[in-house]
Number of protein chains: 2
Amino acid sequence: MERELLKSVTRRDFLYRAAAVGGTGLLLNAMSAWGMGIASTMSGPPVLSGSGKGKTVVILGAGLAGMTAAYELGKLGYKVQVLEARGFAGGRCQTARKGFELTELGGETQRCAFDKGQFINHGPWRIPLHHQSTLHYTREFEVPLEIMVNDNDHAYVYLENAGGPLAKKRLRAKEIKSDLRGHVDELLAKTVQNHLLDKELSADDQRALLEYLKHEGHLEENLAYKGRTGRGFAVYPGAGLNPGPGKPSDPLGLSELLQSGVGKVYSAVHDFPMQATMFQPVGGMDQIAKGFEKRVGRQIRYNSAVESIRHGEKNVTVAYKDTVTGKAGTVTADYCLCALPLSVLRMIDTDFSDKFKDAIKAVSYAPVGKIGLQMKRRFWEEDDHIYGGHVITDQKGINTISLPSWNWQGKKGVILGYYNYQTAAIEVSGMSPAERAEFAIAAGEKIFPQYRESFDSAFSVAWHRVQYNLGGWAEWTDDSRKNAYPLLLEGEGRVLLAGEHLSYLTGWQAGAIESAWQQLARIHERAMA
Amino acid sequence: MERELLKSVTRRDFLYRAAAVGGTGLLLNAMSAWGMGIASTMSGPPVLSGSGKGKTVVILGAGLAGMTAAYELGKLGYKVQVLEARGFAGGRCQTARKGFELTELGGETQRCAFDKGQFINHGPWRIPLHHQSTLHYTREFEVPLEIMVNDNDHAYVYLENAGGPLAKKRLRAKEIKSDLRGHVDELLAKTVQNHLLDKELSADDQRALLEYLKHEGHLEENLAYKGRTGRGFAVYPGAGLNPGPGKPSDPLGLSELLQSGVGKVYSAVHDFPMQATMFQPVGGMDQIAKGFEKRVGRQIRYNSAVESIRHGEKNVTVAYKDTVTGKAGTVTADYCLCALPLSVLRMIDTDFSDKFKDAIKAVSYAPVGKIGLQMKRRFWEEDDHIYGGHVITDQKGINTISLPSWNWQGKKGVILGYYNYQTAAIEVSGMSPAERAEFAIAAGEKIFPQYRESFDSAFSVAWHRVQYNLGGWAEWTDDSRKNAYPLLLEGEGRVLLAGEHLSYLTGWQAGAIESAWQQLARIHERAMA
């Protein structure tokens, strides 16, 4: 499977690697360089007329796509039956808390041992403000949201492979930003002052540019950058006379900053979808799944793994096996909406045309790993004054150490110890759960000396080893997007497909929801024809 | 009084104006230009040995400084009595919700008519991560915190007086940042490419600089800036084929950006104290006051306005009048900690030396105004997708329209309609409450057409017109900081002073707390001597 997964590692993969890294601009700029954006105009379900009364739809998979379709089709009057292989709904929209069990393919069973009230969103963990489709349902279902700190200039950057003296130094993002921008603004300001841009810029624009650079880079009257309070203080002011007015700490040099390459951890602005404001549901991402489940749970048949799909002129018949009783069963309906990941669908016995089967096989799925580490105390807040956000590192298989954006000043906390992808994810996923924890701790303690002594318990996932998912998200190559994607969007006969894989929002819940909106509209269109 | 207040409008005032404006870099850089920083090293109360048993302290004012002293001195065994003129504790740490009453000097009584659950923090409204002293008590008192969105690139910037075509245009902060940085990075990159900086930079640094500029400004291979997804999309990608991959919207031109002066609304990084992460107590800032009140409430005598202070060799006698019964009373104690604003103290009958009285008069207090506008619906979220943060405008008397960082996707919300300061605050405070609301709405609807139709009810405050405060915060001039400040820190006889005014954190709760820590330590030192 792993070879298969690696078949199509393309430039586009980096987008998701970047998305994984999150708050930082690390590689994220790549995104729009290939005309890819992650946002959406669909902010509500399609407005459809006519009734689906008397018509039946069997939906495969009770993930967000499947449940969105079940919910909206139900509103239209359709009789809906959802088959879900697991004992719970949500698909990848999961939250691991005390007692949550996961057995990866060929792996030992992990039972989450976090304290009551602690958890990790080991699947989707962020809702960008631009994903109005996801926000449509948090609003309709009254799922309370809170801010997920996706950008924290006070957090550390630690690059082992940085060139020069900054390698293996623990820097604050704000030091890098302040000093790089300050030096660069000084450089341009002096270039203007030395009349080297007289051809390019009018006298008025040169004056205005100098004003802007002095403000933006916090340059002194002589256009020199000497640091700023935003990078931190050498002497901190407080009450009374002493310590008295503060003095900014000394800036890092331009050359060492440039040679270190640390500048790549931020960008002028975040590209989609990483911009503030970022949200998370209060109490865990699975609150969204539960919001759907509350409304369509009665239509879901749990523990029902799809075994085959047969479609004809008049209807579709899906055979499933009860994973608890082992009993087989079938469901026949006028239409089938298959909201299973293509990585799973490709292993199911179907009577699709070879062309359609090939299209299903054409897309590979991302190997993705995450680990939650419960810490006995919130040392990152107490000692380092970092509240949420991402600590960026280039340590292979780690990428980011992300700090919880809830239970501020609480006693314990669960941090994301790594978020790895592709080859690194495959390597780490070969380790046992205990080995993964040790791997994460060994990397983390290079940045936070408090790491090991504070470690409590861990829960990790390697999505490419999780049955019924077999990967983090669909990864299209330019080629498969051009050839296979359009075919899959059409579906075959009375079977239509939906999921994040059929969107340009791959890897996001919004992709699953919007794809479902689009495909249920097509089912309705056909049913009304 | 107003003339008096305006006596010392100095450069430093701009710091607080900037602080008022908040999330933006607007003028905030001024701060460190004069060696001022706003942060602190004091993260906990002084660790003191010895007991205050049998010793008495009368504390004037149950604001955060007074209650901090009462709480910590109580722990040390002192017998403490706090005199508070109001019927509730907290001083400026207030939250206006349904039923909250305020009668400004010479003004009509306002009774807050917000819906149950709605409120405005019309006093302090932000807790910077750097203010560990304030965070010390939110932690000790278990006051739940949430993120206050102090920085939102998706929010609007609307400058009426901007030069050129961008005047009166509603821009998103991210458009300004993306395009200004992109153009400026292109300019410097091409300067390097044209070998105009061969003397200044080594070949290695030039290579690294080009890499950085391409990344940071999102430049194309030919070093041109053509926009980026972070500024927004012309075509939004979503599910299915259509609309398909997105295309960034067209950038604004460098010259129009420079001539408009909009670049001043942001900076490379926020200077202290505006950096993320910013906090607010869940349920209103007064939750901090209530945390103290719960612990020292029994030592507070409410409705007791101080009339005179007499101090001698052995003790201090404070006379007060009960503002409800009109009955007079006195308290005699070994020491007095006066935590009243100097603007109030200067009007009290004392037997301080003329020198000390002059020092008390030497500092003026900031005229500051805020208005909360309850809106029938959260149009800024529903229509504009702006979740919290500050909409920046140069409309006189407005400065910022700040959006609530709680109750996301709720039905109603209270926004801060203006945060004005100095002359603008004095002008606006001359209006009736109804006129202030109309003033705020007329300005707001230039930016949000939904403003007027959504308006529900308003609550405004002009701190310089509030009895027992008479101003927003102490404003030191370089001169008064040099001459009066040290005297006031010393106190006179058995009377010591405390409050935000005796710190370099003026206008912040942390200033009040840290000043109290410092002064209670001196009382203890003397008592132990």
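**Exercise 1. Find out why the two copies can be said to meet through the same surface.**

Solution. Begin with the overlap of the two sides: 99% of the interface residues of chain A are also interface residues in chain B, so the copies meet through the same surface. Next, count the residues involved, taking contact to mean heavy atoms within 4.5 Å: 98 residues of chain A are in contact with 97 residues of chain B. Before going further, note that this is a predicted model, in which local features need pLDDT of at least 70 and side-chain atom pairs count only at pLDDT 80 or more, while totals for chains, interfaces and linings use all residues. Residues are numbered from 1 along each chain as its sequence is written, chains are lettered from A and ligands numbered from 1 in the order in which they are written, and side-chain values use heavy atoms, with hydrogens and water left out.

**Exercise 2. Determine which rotation superposes chain A on chain B.**

Solution. The superposition is made by least squares on the C-alpha atoms of residues with pLDDT of at least 70 in both copies. A rotation of 180 degrees, with 0.0 Å of shift along its axis, brings chain A onto chain B with an RMSD of 0.0 Å. That is the relation of a two-fold axis.

**Exercise 3. Describe the area and the polar links between chain A and chain B.**

Solution. Take the area first, where buried area is the accessible area (1.4 Å probe) that two parts lose on being put together, summed over both. About 8100 Å² is buried between chain A and chain B, and carbon and sulfur atoms give 62% of it. Of the area that chain A buries against chain B, 8% is supplied by A:Tyr212, A:His215 and A:Gln409, more than by any other three residues.

Turn next to the salt bridges (a side-chain nitrogen of Lys or Arg within 4 Å of a carboxyl oxygen of Asp or Glu). There are eight salt bridges between chain A and chain B, and A:Glu382 forms a salt bridge with B:Arg139, in which the closest N and O atoms are 2.9 Å apart.

Finally, consider which elements of chain A take part, with helices (H or I, at least four residues) and strands (E, at least two) being DSSP runs numbered from the N terminus. Those that give two or more residues to the side of chain A that touches chain B include α5 (132-140), α6 (173-193), α7 (203-216) and α17 (509-528) of chain A. The largest share, ten residues, comes from α6(A).

**Exercise 4. Work out the strand order of the open sheet of five strands in chain A, and say which strands stand at its edges.**

Solution. Two strands pair if DSSP finds at least two bridges between them. The order is β14-β2-β1-β18-β27 (chain A), with parallel pairing. At the edges stand β14 (300-301) and β27 (495-497) of chain A, each with a single partner strand, so one side of each is left without a neighbour in the sheet. Strand β18 (residues 335-338) of chain A pairs with β27(A) in the parallel sense over three bridges, and A:Cys336 stands opposite A:Val495 in β27(A).

**Exercise 5. Locate the cis peptide bond from A:Ala276 to A:Thr277 and the positive phi of A:Gln409.**

Solution. Most residues other than glycine have a negative phi, and most peptide bonds are trans. The peptide bond from A:Ala276 to A:Thr277 is cis, with omega near 5 degrees, and A:Thr277 lies in the loop between α8 and β13 (278-281) of chain A. In chain B, a cis peptide bond joins B:Ala276 and B:Thr277, with omega about 5 degrees. A:Gln409, a residue other than glycine, has a positive phi near 65 degrees, and is found in the loop between β23 (400-403) and β24 (413-421) of chain A.
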